[in-house]
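The following note sets out comments on the structure for a colleague at the bench. The points are numbered for ease of reference.

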Amino acid sequence: SLTISKGAVEFKNVSFHYPESDVPVLRDLSFSVQPGETLAILGSTGSGKTSLFQLVPRLYDVTEGEVLVDGKNVMNYPIEKLRKGIGVVPQEAVLFTGSITENIGWGKEDATSDEIISAAVDAQIHETVEKLPNQYDTRVGQRGVNLSGGQKQRLSIARALVRKPKILMLDDSTSALDLKTEGKLLKALRTYSCTTFIITQKISTAMEADHILLLDDGTVEAWGTHEELLNTSPLYVKIVQS
Ligand code: M5T
Ligand code: MG
């Protein structure tokens, strides 16, 4: 049956409202991203960035239009196959009571110790883990070692990377990282050659992307590269100057 093979993503006239409300949150979005490309998503709070993300792994389904992965409607994939190929790093990192290894390997129970460490290295959290009392066996979560927001974010990125996803979706997951660490992380991500959606507030991150999607109140305010948006979008220019 269907699995994600390349990681192309296309939104075709997508509109969306949450089941409990009839207020549209996304309106008539159309864009496409080729396998291995990076898309940066910008937009003010409440503009619909997280909502857009949720439609790819089908945490919610579109109200109108289609989301296509490798040219096929996401509705046609068995949901576990679809989700297996997509690494979603949520806006708020979710850790559970257990070891670092268990937290990174969650959802991929057959991950080897080498795979766990290599994901941690790429997520820029390995050095921190090495300094913990019991390294990868250190317990985190309730009554375990408390990690900072940025450390939790990176563990949660490692969890996504260990599955070697075809599509990686980072929901503001690098907000607590300094520019140098973020730079190293983005460089490491390139070695995965996965299609990457990255919600960010940072122009420096957006500049590195193949495409930038600027959302405004659930619609596409602008689409293009950094250079293109400087020439076409007054809102983008405003963000750059702020
Ligand atoms: C867009 C509403 C939210 C806002 C709009 C996640 C979520 C959002 N909303 C719901 O009604 N239910 C939900 O479960 O949808 O919100 P968003 O997509 O979360 O916006 P964002 O990610 O761009 O904002 P932020 O603050 O993360 O930068 O009307 O109430
Ligand atoms: Mg959000």
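1. Thr-50 has a relative accessibility of 26% in this predicted model. Because this value lies between the limits of 20% and 50%, Thr-50 is classed as partly exposed. Gln-91, at 42% relative accessibility, is likewise counted as partly exposed.

2. Thr-50 and Gln-91 coordinate the magnesium ion (ligand 2), the former through OG1 and the latter through OE1, at 2.0 to 2.5 Å. The two residues are 41 residues apart and link distant parts of the chain: Thr-50 belongs to helix 1 (residues 49-54), while Gln-91 is in the loop between strand 6 and strand 7 (98-99).

3. The largest pocket holds about 390 Å³ of space. Its lining comprises 15 residues, and those closest to the pocket centre are Val-88, Pro-90, Trp-106, Arg-159 and Arg-163. Two elements, strand 6 (86-89) and helix 6 (149-161), each give two or more residues to this lining. Strand 6 makes the greatest contribution, with four residues.

4. What is the make-up of the lining of the largest pocket in nonpolar, polar and charged residues? There are 10 nonpolar residues, two polar and three charged. As to domains, at least three lining residues come from domain 1 (1-85 + 166-242), and at least three from domain 2 (93-164).

5. The second largest pocket contains about 240 Å³ of space. Of the 13 residues that line this pocket, Thr-38, Leu-186, Arg-190, Thr-196 and Glu-208 lie nearest its centre. Helix 7 (179-190), strand 10 (195-199) and helix 8 (203-208) are the elements that supply two or more residues to the lining. Helix 7 provides the largest share, three residues. The classes represented in the lining of the second largest pocket are five nonpolar, five polar and three charged residues.

6. Side chains of opposite charge can pair when their charged atoms come close. The count of salt bridges in the model is five. Among them is the contact between the side chains of Asp-217 and Arg-27, with an N to O distance of 3.5 Å. Asp-217 is located in the loop between strand 11 (211-216) and strand 12 (219-224), and Arg-27 in strand 2 (residues 26-33), so this salt bridge ties together parts of the chain that are 190 residues apart in sequence.

7. Are the partners in the bridge between Asp-217 and Arg-27 buried or exposed? Asp-217 is exposed, at 52% relative accessibility. Arg-27 has a relative accessible area of 35% and is therefore partly exposed.

8. A further salt bridge joins the side chains of Arg-58 and Asp-61, at 2.7 Å from N to O. Arg-58 is buried, since its relative accessible area is 17%, and burial here means a value under 20%. Its partner Asp-61 is partly exposed, at 31% relative accessibility.

9. The side chains of Asp-110 and Lys-108 also form a salt bridge, with an N to O distance of 3.0 Å. Asp-110 has a relative accessible area of 59%, and therefore counts as exposed.

Conventions:
Residues are numbered from 1 along each chain as its sequence is written. Chains are lettered from A and ligands numbered from 1 in the order in which they are written. This is a predicted model: local features need pLDDT of at least 70, side-chain atom pairs count only at pLDDT 80 or more; totals for chains, interfaces and linings use all residues. Side-chain values use heavy atoms; hydrogens and water are left out. On a 1 Å grid over the protein atoms alone, a cavity is a set of points where a 1.4 Å probe fits but cannot get out, and a pocket is an open set with protein on both sides within 12 Å along at least five of seven lines; lining residues have an atom within 4 Å of a point. Grid points are joined across faces, edges and corners, and a volume is the space filled by probe spheres set on the points. Ala, Val, Leu, Ile, Met, Phe, Trp, Tyr, Cys and Pro count as nonpolar, Asp, Glu, Lys and Arg as charged, and the others, Gly among them, as polar. Domain bounds come from an automatic or database domain assignment. Donors are N, O and S atoms within 2.8 Å of the metal (3.2 Å for Na, K and Ca); water is not among the atoms, so sites may look incomplete. Buried means under 20% relative accessible area, exposed over 50%, partly exposed in between (1.4 Å probe, protein chains only). A salt bridge is a side-chain nitrogen of Lys or Arg within 4 Å of a carboxyl oxygen of Asp or Glu.
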